[in-house]
Structure formats: structure tokens, C-alpha cells
Amino acid sequence: MVEIVPIFVCVVLPVSIVLIVSLRKWNSDNKRAEILTKAIESGREVDTERLVESLRDPRNRQYTDKDLLYARLLRGCICTLVGIALSVVYFLWPVNDIDELSFLMLIGSVSTAIGIAYLIVYFVTRKEVLKEK
């Protein structure tokens with residue numbers, strides 16, 4: 001019984017996850033094709049480009065420059081605040097052995113650096129993006 005668990009975790013679980021994701025994508029593609037076929041067969045005047053655009057997967061949509069700019073601002077704020085919070089917890093946590101919490105300081109420093117990098121990119125590109133609009 002004990003030898004079966006690693007086999008299920010390492011083999012069966014990943015294969016089943018890939019199978020489920022593949023079947024879901026295949027099913028959604030078939031549904032889109034069926035809708036397009038019905039629209040074309042109906043004989044009415046249908047703007048197929050607009051119909052295809054509306055049936056496109058929302059995860060694959062093209063983001064505007066403004067959307068990308070605000071996503072950078074959001075990520076920058078979140079990463080910076082999480083990093084600062086982890087660093088504050090490191091200094092305020094009442095533990096005799098500081099080495100136990102050094103991992104928090106490491107993660108906090110990395111998160112703060114990533115957040116500041118996002119904020120720098122936001123402020124540098126903001127003028128260009130807003131100037132284009």
C-alpha cells in the first residue's frame with residue numbers, strides 16, 4: 001500500500017491533470033467551431049470577425065497599454081507591501097533565535113525589490129503611455 005501512493009502522486013496525478021486540461025480545451029474549441037458553423041449555416045448576414053472575436057478565449061485577449069500599465073502598478077504595490085510586512089514581522093516577532101525567521105527577511109527583501117522594480121517601470125512608462133492617448 002505504501003509503494004502505491006508515490007506512484008499515484010508522481011504518475012497518475014500529473015497525467016490526469018494534463019488529460020483534464022487537454023479535454024477542456026478541446027471541448028471549448030469544438031463548441032466555438034460549432035457556434036461558428038451554425039452562424040454561417042443560418043444564411044443571415046453575420047459579421048464573422050466580430051463573432052470570432054467574441055468567442056475568443058478571454059485569457060488570450062490582447063491587453064492595451066493602459067491595462068498593462070495599471071497591472072504593473074498593482075503588482076508593484078502588492079509586492080512592496082508584502083515585502084515590507086514580512087520585514088516588519090521579522091523585526092517584531094518575539095523569538096529568541098533570530099535564525100528561525102531569517103527566511104522571512106529574505107523573502108521580504110526579494111518581494112520589496114520586485115515591487116520597487118515594478119513601480120519604477122510603472123513611473124518610467126506612465127508618461128509615454130498617457131502621452132499616446
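Here are some questions and answers on how the labels for this predicted model come about.

Q: What makes this an α-α-α-α protein?
A: The protein has four helices and zero strands, and reading along the sequence gives the pattern α-α-α-α.

Q: How do you know that the span of helix α1 agrees with its number of residues?
A: Helix α1 runs over residues 4-41, which is 38 residues. At 1.5 Å a residue that should span 56 Å, and the end C-alpha atoms are 53 Å apart, so the two agree.

Q: Where in α1 is there a kink, and what comes after the helix?
A: The kink is at V12, about 30 degrees, shortly before the proline P14. After α1 comes G43, with a positive phi near 85 degrees.

Q: How does α4 do on the span check, and where does it bend?
A: α4 has 31 residues, with 45 Å from its first C-alpha to its last, close to the 45 Å expected at 1.5 Å a residue. There is a bend of about 40 degrees at T125 in α4.

Q: Why are α3 and α4 called roughly antiparallel?
A: Take the angle first: the axes of helix α3 (residues 65-92) and helix α4 (residues 102-132) cross at roughly 155 degrees. Angles over 145 degrees count as roughly antiparallel, so α3 and α4 get that label. Their axes come within 7 Å, and α3 passes α4 in a left-handed crossing.

Q: What makes G83 a buried residue?
A: Buried means under 20% relative accessible area. G83 has 0%, so G83 is buried. The residue belongs to helix α3, and its C-alpha is separated by 8.1 Å from that of A113, 30 residues away along the chain.

Q: Why does G115 count as buried?
A: The reasoning rests on the same kind of number: G115 has 0% relative accessibility, and the cut-off is under 20%, so G115 counts as buried. G115 sits in helix α4. The C-alpha atoms of G115 and R72 are separated by 9.1 Å, with their positions 43 residues apart along the chain.

Q: Which residues of α4 are buried?
A: They are G108, S111, T112, G115, L119, Y122, T125 and V129. An α-helix has 3.6 residues a turn, so residues three or four places apart point the same way. Across the protein, buried residues make up 14% of the 133 residues.

Q: Why is I114 called partly exposed?
A: I114 comes out at 39% relative accessibility. Partly exposed covers what lies between the 20% and 50% cut-offs, so I114 counts as partly exposed. I114 is in helix α4, and its C-alpha is 9.9 Å from that of C77, 37 residues apart along the chain.

Q: Is C77 buried, partly exposed or exposed, and what makes it so?
A: C77 has 34% relative accessibility, which is between 20% and 50%, so C77 counts as partly exposed.

Q: What makes C10 exposed?
A: C10 has a relative accessible area of 58%. Exposed means over 50%, so C10 gets the label.

Q: How many disulfides does the structure hold, and how do you know that C77 is in none?
A: The structure holds zero disulfides. For C77, the nearest cysteine sulfur is that of C79, 9.8 Å away. A disulfide needs a pair of cysteine sulfur atoms within 2.5 Å, so C77 is in no disulfide.

Notes
Residues are numbered from 1 along each chain as its sequence is written. This is a predicted model: local features need pLDDT of at least 70, side-chain atom pairs count only at pLDDT 80 or more; totals for chains, interfaces and linings use all residues. Side-chain values use heavy atoms; hydrogens and water are left out. Buried means under 20% relative accessible area, exposed over 50%, partly exposed in between (1.4 Å probe, protein chains only). Helices (H or I, at least four residues) and strands (E, at least two) are DSSP runs, numbered from the N terminus. The expected span of a helix is 1.5 Å times one less than its number of residues. The bend at a residue is the angle between axes fitted to the seven residues ending there and the seven starting there. Axes are lines fitted to C-alpha atoms, for helices over the stretch in contact, and angles run from 0 to 180 degrees between N-to-C directions. Angles under 35 degrees count as roughly parallel, over 145 as roughly antiparallel, 65 to 115 as roughly perpendicular and the rest as oblique. A crossing is left-handed if the near helix is turned anticlockwise from the far one by less than a right angle, and right-handed if clockwise.
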